[in-house]
Amino acid sequence: MPWGEYPIEYNPKVHGPYDPARYYGKKDTPFTQVKLRELGSWLARRNKSPKAMVQATSRAWWRWQYKYFLPQKTGIAPFAQIIFGSMAFFYYINYPKLKTHRTQKYHW
């Protein structure tokens, strides 16, 4: 699927207007309803290609935007989530420096 085209599974006569947050593929058992003994076969049915991963990430992004960022009366939740995510990311990339810094006797 090149940029700007709909997924192959999408049919406007069946699905109506296109929604980027919706998966138009074949329906399967939701993860929360999978039994432990069925987990292996459920994971084997997943599409693990890079294209599928990008599509899943895009759907998650659109779902997040529809739920938190795009409502008319949005609260502080999306901004707090972005700030917390940024803090966690920068802590992760600076962890090697922080780890070596904590073992020094005189810090400054």
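Start by selecting Arg-45: at 47% relative accessibility this residue counts as partly exposed, a label for values between the buried class (under 20% relative accessible area) and the exposed class (over 50%), using a 1.4 Å probe and protein chains only. Before you go on, note that this is a predicted model, in which local features need pLDDT of at least 70 and side-chain atom pairs count only at pLDDT 80 or more, while totals for chains, interfaces and linings use all residues. Residues are numbered from 1 along each chain as its sequence is written, and side-chain values use heavy atoms, with hydrogens and water left out.

**Stop 1: the charged network**

Keep Arg-45 and add Asp-28: their side chains meet in a salt bridge, N to O at 3.1 Å. The term stands for a side-chain nitrogen of Lys or Arg within 4 Å of a carboxyl oxygen of Asp or Glu. This pair links distant parts of the chain, 17 residues apart: Asp-28 sits in the loop between helix 1 (12-15) and helix 2, and Arg-45 in the loop between helix 2 (39-44) and helix 3 (50-69). Helices here are DSSP runs (H or I, at least four residues), numbered from the N terminus. Asp-28 is partly exposed, at a relative accessible area of 34%.

Now add Arg-46. Its side chain and that of Asp-28 also meet in a salt bridge, at 2.2 Å from N to O. Because Asp-28 lies in the loop between helix 1 and helix 2 and Arg-46 in the loop between helix 2 and helix 3, the pair ties together parts that are 18 residues apart in sequence. The structure holds two salt bridges, and Asp-28, Arg-45 and Arg-46 are linked in a network of them.

Stay on Arg-46, which is partly exposed at 30% relative accessibility, and show Trp-42. Arg-46 lies over the face of Trp-42, 4.1 Å from the ring centre; the criterion is NZ of Lys or CZ of Arg within 6 Å of the ring centre and within 35 degrees of the ring normal.

**Stop 2: aromatic rings**

Next, display the rings of Phe, Tyr and Trp: there are 13 aromatic pairs in the structure. Rings (the six-membered one for Trp) pair if their centres lie within 6.5 Å; planes under 30 degrees apart count as stacked, over 60 as edge-to-face and the rest as tilted. Pick Tyr-10 and Tyr-18, an edge-to-face pair with 5.2 Å centre to centre and 80 degrees between the planes. Tyr-10 is buried at 12%, whereas Tyr-18 is partly exposed at 32%.

For a tilted pair, select Trp-64 and Tyr-68, whose centres are 6.4 Å apart and whose planes are at 45 degrees. Both lie in helix 3, four residues apart, about one turn of the helix. Widen the selection to Trp-61, Trp-64, Tyr-68, Phe-69 and Phe-79 to see one aromatic cluster.

**Stop 3: Gln-65**

Gln-65 is also found in helix 3 and counts as buried, at 14% relative accessibility. Leaving aside residues up to four places away in sequence, Gln-65 touches Leu-70 and Pro-71, where contact means heavy atoms within 4.5 Å.

**Stop 4: helix 4**

Finish with residues 77-101, the 25 residues of helix 4: at 1.5 Å a residue they should span 36 Å, and the end C-alpha atoms are 33 Å apart, which agrees. The expected span is 1.5 Å times one less than the number of residues. Zoom in on Asn-94, where a kink of about 60 degrees lies shortly before the proline Pro-96; the bend is the angle between axes fitted to the seven residues ending there and the seven starting there.

Methods
Helices (H or I, at least four residues) and strands (E, at least two) are DSSP runs, numbered from the N terminus.
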